Amino acid sequence: HRSPCSRVVTIEQTTNRGGGRIWTRAGIAELAALSRAHGLALHMDGARLLNAAVAANKPAATFSQLCDSAWIDLSKGLGCPFGVVLAGPAQ
């Protein structure tokens, strides 16, 4: 019997259960390095990424470019009725 093998670390920008706090670029860089050192990908649940970018007065890429993949929920923060954008390598 094999246990499931972890493949990815996921962070949420902004943190929902963390009171809406913003992951700093330094914090993301530290987690990205740690994840890669263990052969894990880093994914950003960017449901509120654009809110974080506005609050921090920084481009959204400041936070997401260190991740292997990221997604934005268009209904949160942007007010669209539905839709998401997923970004990352084709494979």
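Me: How far apart are the mean positions of the positive and negative charges of the protein?

Reply: They sit 2 Å apart, taken over 9 positive and 5 negative charges. Keep in mind that this is a predicted model.

Me: OK. What's the order of helices and strands along the sequence?

Reply: The pattern reads β-α-β-α-α-β-β. That gives 3 helices and 4 strands.

Me: And what box do the C-alpha atoms fill?

Reply: Roughly 45 × 30 × 25 Å, along the principal axes.

Me: How much of the protein is buried?

Reply: 29% of its 91 residues count as buried. The accessible surface is about 6,100 Å², and carbon and sulfur atoms hold 56% of that.

Me: What share of the contacts comes from residues far along the chain, say 24 or more positions apart?

Reply: Such pairs make up 54%, counting contacts with a separation of 6 or more.

Me: Let's do H1. How many residues does it have, and what does it span?

Reply: H1 runs over residues 25-37, so to speak 13 residues. From first C-alpha to last it reaches 18 Å, close to the 18 Å expected at 1.5 Å a residue.

Me: Which of its residues are buried?

Reply: Ile28, Leu31, Ala32 and Ser35 are the buried ones in H1. They cover an arc of only 105° around the axis, which puts them on the same side of the helix.

Me: Why would residues three or four places apart point the same way?

Reply: Because an α-helix has 3.6 residues a turn.

Me: What do the buried residues of H1 pack against?

Reply: Three elements: strand E1 (8-12), strand E2 (41-45) and helix H3 (61-64).

Me: And which exposed residues are on the face turned away?

Reply: Ala26, Glu30 and Ala37.

Me: Where does Arg25 fit in, and is it buried or exposed?

Reply: Arg25 belongs to H1. Its relative accessible area is 36%, so it's partly exposed.

Me: What does Arg25 touch, leaving out residues up to four places away in sequence?

Reply: Thr62, Phe63, Gln65 and Leu66. Leu66 is 41 residues from Arg25 along the chain, yet their C-alpha atoms are separated by 8.3 Å.

Me: How far is Leu66 from Ala33?

Reply: Their C-alpha atoms are 9.3 Å apart, with the two positions 33 residues apart in the numbering. Ala33 is also in H1, and at 47% relative accessibility it counts as partly exposed.

Me: What comes after H1?

Reply: Gly39 follows, and its phi is positive, near 70°.

Me: Moving on to H2. Which residues are buried there?

Reply: H2 covers residues 49-56, and its buried residues are Leu49, Ala52 and Ala53. Looking down the axis, they fall within an arc of 100°, so they line one face of the helix.

Me: What's on the face turned away from that buried side?

Reply: Val54 and Ala55, both exposed.

Me: What do the buried residues of H2 pack against?

Reply: They pack against E2, H3 and strand E3 (69-73). E2 and H3 also take contacts from the buried residues of H1.

Me: Which residue follows H2, and what's its phi?

Reply: Asn57, with a positive phi near 55°. That's worth a look when you check backbone torsions, as Asn57 is not a glycine.

Me: Where does Asn57 lie, and is it buried or exposed?

Reply: It's in the loop between H2 and H3. Asn57 counts as exposed, at 70% relative accessibility.

Me: Back to torsions. Which residues does the cis peptide bond join?

Reply: Gln13 and Thr14, with omega about -5°. Thr14 is in the loop between E1 and H1.

Me: Last topic, the end of the chain. Where is Pro89?

Reply: Pro89 is in the segment after strand E4 (84-87). It's exposed, with a relative accessible area of 51%. The cut-off for exposed is over 50%.

Me: And how far is Pro89 from Ser6?

Reply: In sequence, 83 residues; in space, 19 Å from C-alpha to C-alpha.

Note on methods
Residues numbered from 1 in each chain as written. Predicted model: local features only at pLDDT ≥ 70, side-chain atom pairs only at ≥ 80, totals over all residues. Heavy atoms only, no water. Helix = DSSP H or I, 4+ residues; strand = E, 2+ residues; numbered from the N terminus. Buried < 20%, exposed > 50% of the residue type's maximum accessible area, 1.4 Å probe, protein only. Contact = heavy atoms within 4.5 Å. Areas by Shrake-Rupley, 256 points an atom, 1.4 Å probe, with all protein chains shown as cover. Lys, Arg positive; Asp, Glu negative; His and termini not counted. Charge placed at Lys NZ, Arg CZ, Asp CG, Glu CD. Expected span 1.5 Å × (residues − 1). Arc of directions from axis to C-beta.
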